[in-house]
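Ready for some practice in reading a protein structure? Work through the exercises below with the model open beside you, and try each task before you read its solution.

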Amino acid sequence: MVRNANSENMAATAMVFPGMGPSQFEDTAKFMLLNPFARKLVAQADEVLGHSLFDAYRDAEGQYDEHAQVAFVVNCLAFAQWAEDTIG
């Protein structure tokens with residue numbers, strides 16, 4: 001329950017995003033391929049980057065490679081869009 005100045009008993013929903021920690025490609029790749037919001041953002045990232053984010057992320061050398069970082073941001077944005085669409 002979140003309280004604010006306007007209401008004594010106003011319920012709210014909070015989104016919590018993780019920091020970028022070690023993650024396996026297999027774990028995040030599934031989301032990138034199956035989630036419609038992620039697929040749309042990955043396509044946009046591909047266009048901006050001029051190459052496949054998915055392929056570059058798959059071939060990344062290390063969990064903190066620049067492509068892994070971009071994939072992390074894309075997945076967080078996709079999750080936020082999904083939440084906004086689903087929860088409001």
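**Exercise 1. Find the buried residues of helix α2 in this predicted model, and decide how they are arranged around its axis.**

Step 1. Look for residues under 20% relative accessible area, the cut-off for buried. In α2 these are Ala38, Leu41, Val42 and Ala45.

Step 2. Look along the axis. The four cover an arc of only 105°, so they sit on the same side of α2.

Step 3. Turn to the face pointing away from that buried side: here you meet the exposed residues Lys40 and Glu47.

Step 4. Ask what the buried residues pack against. Their partners are α1 (25-34), α3 (53-58) and α4 (66-87).

**Exercise 2. Check whether the length of α2 agrees with its residue count, then inspect both ends.**

Step 1. Helix α2 covers residues 36-49, which is 14 residues. The expected span is 1.5 Å times one less than the number of residues, and that gives 20 Å for α2.

Step 2. Compare this with the model: the end C-alpha atoms are 20 Å apart, so expectation and model agree.

Step 3. Go to the start of α2. A side-chain oxygen of Asn35 comes to within 2.8 Å of the backbone nitrogen of Phe37.

Step 4. Now go just past the other end, where Gly50 has a positive phi of about 80°.

**Exercise 3. Is Asn75 buried or exposed, and which residues does it touch?**

Step 1. Locate Asn75: it belongs to helix α4.

Step 2. Its relative accessible area is 10%, and buried means under 20%, so Asn75 is buried.

Step 3. Leaving out residues up to four places away in sequence, Asn75 touches Thr28, Phe31, Met32 and Ala38. You met Ala38 before, among the buried residues of α2.

**Exercise 4. How many aromatic pairs does the whole structure hold, and how are the rings placed?**

Step 1. The search finds three pairs. One of them joins Phe25 and Tyr57 edge-to-face, 5.1 Å centre to centre and with 65° between the planes.

Step 2. Place this pair on the chain: Phe25 is in α1 and Tyr57 in α3, 32 residues apart, so the pair links distant parts of the chain. Both residues are buried.

Step 3. Another pair, Phe79 and Trp82, is stacked, with 5.7 Å between centres and 15° between planes. Both lie in α4, three residues apart, about one turn of the helix.

Step 4. Check their exposure: Phe79 has 30% relative accessible area and is partly exposed, while Trp82, at 33%, also counts as partly exposed.

Technical notes. Residues numbered from 1 in each chain as written. Predicted model: local features only at pLDDT ≥ 70, side-chain atom pairs only at ≥ 80, totals over all residues. Heavy atoms only, no water. Helix = DSSP H or I, 4+ residues; strand = E, 2+ residues; numbered from the N terminus. Buried < 20%, exposed > 50% of the residue type's maximum accessible area, 1.4 Å probe, protein only. Arc of directions from axis to C-beta. Contact = heavy atoms within 4.5 Å. Polar contact = N/O pair within 3.5 Å; in protein donor to acceptor, adjacent residues only side chain to side chain. Phe/Tyr/Trp six-rings, centres within 6.5 Å; stacked < 30°, edge-to-face > 60°.
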